[in-house]
Amino acid sequence: MSKPLTIADLKTRARRRVPKMFFDYADSGAWTEGTYRANEEDFAKVKLRQRVLVDMTNRSLATTMVGQEASMPVALAPTGLCGMQHPDGEMLAAKAAEEFGVPFTLSTMSICSIEDVASVTSKPFWFQLYVMKDREFVANLIDRAKAAKCSALVLTLDLQILGQRHKDLRNGLSAPPKWTIHHGIQLATKPFWCMDMLRTRRRGFGNIVGHAKNVSDLSSLSSWTAEQFDPQLSWKDVAWIKERWGGKLILKGILDEEDARSAAETGADAIIVSNHGGRQLDGAMSSISMLSKIVDAVGDRIEVHFDGGIRSGQDVLKAVALGARGTYIGRPYLYGLGAMGKPGVTTALEIIRRELDITMALCGKRDIQAVDSSVLADVRF
Ligand SMILES: Cc1cc2nc3c(=O)[nH]c(=O)nc-3n(C[C@H](O)[C@H](O)[C@H](O)COP(=O)(O)O)c2cc1C
């Protein structure tokens, strides 16, 4: 098989290897998936400015996100059930990110636990927090992330209730997979995934089972999660979480200028302009079309990060040009993971780095930190 050259190549391979219910879980958005599609499509509305006869030697993609070094302005976004794309997926992705020199963010809803990921990494990773009604459990999660020396807390604000994703409902998604005939057929067609999955014991939500009250096994877990996301989460909660955590805090899921201003007032270190990869409010604006408005509103007060729809290094450059200090990729690395495990995550990062580097050079820049709107020829959302 030829080497994957694009994120789309990795997606094709992941589709072949990962059982349908889990591949669909990654490749899905809420309702009509209009916002999910717009996240990707709107990048094409940003045109780059071609420059010539500019010295293109000694290029650098290195930067910082919330003061922490990154070999390029790309982090791995938190993704639930990552360990169902590939057994021990979070541990493998975290190791790939560490070797590559970019931040890895572990989701609250991960399969491998905070402690699992800490046991295979030597540098700090980031932890993403969902706020549950059970505040004791939340406080305990924060303390576990501190004990694991996580160097930033990413607090997700855009999932107080779960957006409806039709593919997941139709597939009867669950972790571990349920043994209906329908699922049995899906699994039978993916023997390599099944064999690998049999070799690991990590098949449930590692951060939750055994830690949350009244959740000792997976049957009690599903009712617990359905009830536990907190629809009353407020800006006051951000204040106590910030205080309890005491370290770098990143607020994820801002898509509106007014919310961005409230977020900046909390004293957090960064916000992520994000619509959860089009998985929550279908019909919302694409992330990239909101980025410069939010940078204009709060960019002088708080670091602005970005995610949603990045499928190439060119997209990263466009986001940086529109004012993002750093970006995150979700599906691109999940496809790499599903396709090839840890080398697939590395391949996804390599693809993005190569595209970013060449594009930056052809736009006449040598240092990612010097990239600004001067590399853009036209933006029409
Ligand atoms: C399969 C999947 C699971 C996700 N789970 C979480 C999660 O647990 N917590 C969270 O804050 N965001 C979650 N997200 C959203 C991502 O962090 C990120 O915002 C989104 O994937 C970015 O869009 P992209 O996939 O187009 O790069 C998830 C996204 C996907 C695709």
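**Reading pockets, burial and backbone angles**

Colleague: Which elements each supply at least two residues of the lining of the second largest pocket?

Modeller: Helix α11 (235-245) and strand β8 (249-254) each do so. Helices (H or I, at least four residues) and strands (E, at least two) are DSSP runs, numbered from the N terminus. This is a predicted model, in which local features need pLDDT of at least 70 and side-chain atom pairs count only at pLDDT 80 or more, while totals for chains, interfaces and linings use all residues. Residues are numbered from 1 along each chain as its sequence is written, and side-chain values use heavy atoms, with hydrogens and water left out.

Colleague: How is a pocket told from a cavity, and how much space lies in the second largest pocket?

Modeller: Rolling a probe the size of a water molecule over the atoms shows where empty space is left. On a 1 Å grid over the protein atoms alone, a cavity is a set of points where a 1.4 Å probe fits but cannot get out, whereas a pocket is an open set with protein on both sides within 12 Å along at least five of seven lines; lining residues have an atom within 4 Å of a point. Grid points are joined across faces, edges and corners, and a volume is the space filled by probe spheres set on the points. Here, the second largest pocket holds about 510 Å³ of space. Its lining has 23 residues, of which L157, D158, Q160, G253 and D259 are the closest to its centre. By class, this lining comprises 12 nonpolar, eight polar and three charged residues. Ala, Val, Leu, Ile, Met, Phe, Trp, Tyr, Cys and Pro count as nonpolar, Asp, Glu, Lys and Arg as charged, and the others, Gly among them, as polar.

Colleague: How many cavities of 30 Å³ or more does the search find, and which residues line the largest cavity?

Modeller: The search of the whole structure finds one. The largest cavity contains about 30 Å³ of space, and its lining is formed by Y130, V131, T156, L159, Q160, F229, D230 and L233. Five of these residues are nonpolar, two polar and one charged.

Colleague: Where does H276 lie, and is H276 buried or exposed?

Modeller: Buried means under 20% relative accessible area, exposed over 50%, and partly exposed in between (1.4 Å probe, protein chains only). H276 is in the loop between β9 (270-273) and α13 (287-298) and is buried, at a relative accessible area of 11%. An unreviewed UniProt entry annotates H276 as "active site"; such annotations may be inferred rather than shown by experiment. Neighbours within four places in sequence aside, H276 is in contact (heavy atoms within 4.5 Å) with Y130, T156, D158, L159, R165 and K252.

Colleague: Which residues of helix α1 are buried, and where do they fall around its axis?

Modeller: In α1 (residues 7-17), I7, L10, R13 and A14 are buried. Viewed down the axis, they fall within an arc of 120°, so they line one face of the helix. These buried residues pack against α2 (20-26), α15 (331-340) and α16 (342-362).

Colleague: What is the sign of phi in V66 and in L81?

Modeller: Most residues other than glycine have a negative phi. In V66, however, phi is positive, near 40°, and in L81 phi is positive, near 60°. V66 is in the loop between β2 (63-65) and β3 (68-70) and is buried at 3% relative accessibility. L81 is in the loop between β4 (74-76) and α4 (89-100) and is buried at 7% relative accessibility.

How values were computed:
Arc of directions from axis to C-beta.
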